[in-house]
Amino acid sequence: EHAKYLMVFFPGDITDWEVNTIPEFKKYSLEGLQAILGSKFPFATIMIIRPNQYTQQFACYTNFLDVDILGSPRDGYDCQGHATRYLMRLLARAKDEYHDERFLTHKIALLGFSKGGVVLNQLVAESSQTDQQPFWSRVSSIHYLDVGVNLAGAYLQDIESAAALHKATTLQGKDSCFQGVHVHVTPRTVRDPNRLWLVAERDLFVQYLRCSGVTVYLTEYFKHEPPSLGNHFKLLDAFVSPLL
């Protein structure tokens, strides 16, 4: 009854229905995430988007973009893609199913955790599409939560997408609700010896956003602890943001 905005959350690998989630991480099943986010953000309507497909425990968002068998983007991100239109259809369906207009009217915070970041990238890549303006006029913030994939492509690497995002979220001028992008990281993605490119990708992404006029926050959690999958998931308990 008191929700002020809609939180759309894209989880990563391992997270599935509780019955399908490995015991060590059942706290971060879809049901568990709903409880965690609902408790942390009582003024948000929480909408968690389950990956369309899993290869073992690997999340594959095949309904949003072209990915390989492990869920990594196959050929980068397509500025003429269909992810935004697909998400808008999901919001319309939720509105009809729950008889709740907030799915189509409230401000939107977009969050992607781990593999879920590929969907954020695809959405941002499409922000240059003029017919997507009604969607971007509602987006208040974007959150990259320790995102990473097994190949290149954890973060967008072109300034055109950053510039398009700034333009799409500021067309309403003073009436724009967009506050910025918040990148949240842990040692899992900052100091992973097997994925040294992640930091370089992140830094270039942040640089392009800032050069384009987008406000960017960058926060590292558990910085004095070694990289671990446990702390990667504990970020979901720990993360905070002035944008939420």
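The side chains of arginine 102 and aspartate 100 are joined by a salt bridge, with 2.8 Å from N to O. This pair belongs to a predicted model, and the report below proceeds from such charged pairs to the helices and then to the protein as a whole.

**Salt bridges**

Side chains of opposite charge can pair when their charged atoms come close. The structure contains eleven salt bridges. Three of them are set out in the table, each with its closest N and O atoms.

| Basic residue | Acidic residue | N to O distance |
|---|---|---|
| Arginine 102 | Aspartate 100 | 2.8 Å |
| Arginine 195 | Aspartate 192 | 2.8 Å |
| Arginine 85 | Aspartate 131 | 4.0 Å |

The surroundings of these residues can be described pair by pair. Arginine 102 has a relative accessibility of 22% and therefore counts as partly exposed. Its partner, aspartate 100, is buried because its relative accessible area is 14%, below the 20% limit for burial. In the second pair, both arginine 195 and aspartate 192 are buried.

The salt bridge between aspartate 131 and arginine 85, with the closest N and O atoms 4.0 Å apart, connects distant parts of the chain. Aspartate 131 lies in the loop between helix H4 (117-125) and helix H5 (133-136), while arginine 85 lies in helix H2 (residues 83-98), and the two are 46 residues apart. Aspartate 131 counts as partly exposed, with a relative accessibility of 46%. Arginine 85, at 32% relative accessibility, is likewise classed as partly exposed.

Salt bridges also form a network, which links Lys95, Asp96 and Glu101.

**Helix H5 and glutamine 133**

Helix H5 includes glutamine 133. With a relative accessible area of 19%, glutamine 133 is buried, since the limit for burial is 20%. When neighbours within four places in sequence are set aside, glutamine 133 is in contact with Ala168 and Leu171.

**Helices H1 and H9**

How do helix H1 and helix H9 lie relative to each other? The axes of H1 (residues 30-40) and H9 (residues 229-238) come within 9 Å and cross at roughly 40°. The two helices are therefore oblique to each other. On the H1 side, Leu33, Ile36 and Lys40 take part in the contact, and they meet Leu236, Asp237 and Ala238 of H9. Of the residues in this contact, four are nonpolar and two are charged, with no polar ones.

The buried residues of H9 include Asn231, His232, Phe233, Leu235 and Leu236. Which elements cover the buried residues of H9? H1 is among them, as are strand S1 (5-10), strand S5 (107-113), strand S6 (139-145), strand S7 (180-185) and helix H7 (187-190).

**The protein as a whole**

The protein comprises nine helices and eight strands. Its C-alpha trace spans about 45 × 40 × 35 Å along the principal axes. The radius of gyration is 17 Å, which agrees with the value near 18 Å that a compact globule of 244 residues would have. Of the 244 residues, 54% count as buried.

Contacts across the sequence complete the description. Among contacts in the protein with a separation of 6 or more, 75% are accounted for by residues 24 or more positions apart. The salt bridge of aspartate 131 with arginine 85 gives an instance of a link between distant parts of the chain.

Technical notes:
Residues are numbered from 1 along each chain as its sequence is written. This is a predicted model: local features need pLDDT of at least 70, side-chain atom pairs count only at pLDDT 80 or more; totals for chains, interfaces and linings use all residues. Side-chain values use heavy atoms; hydrogens and water are left out. Helices (H or I, at least four residues) and strands (E, at least two) are DSSP runs, numbered from the N terminus. Buried means under 20% relative accessible area, exposed over 50%, partly exposed in between (1.4 Å probe, protein chains only). Axes are lines fitted to C-alpha atoms, for helices over the stretch in contact, and angles run from 0 to 180 degrees between N-to-C directions. Angles under 35 degrees count as roughly parallel, over 145 as roughly antiparallel, 65 to 115 as roughly perpendicular and the rest as oblique. Contact means heavy atoms within 4.5 Å. Ala, Val, Leu, Ile, Met, Phe, Trp, Tyr, Cys and Pro count as nonpolar, Asp, Glu, Lys and Arg as charged, and the others, Gly among them, as polar. The radius of gyration is taken over C-alpha atoms; the globule rule is 2.2 Å times the number of residues to the power 0.38.
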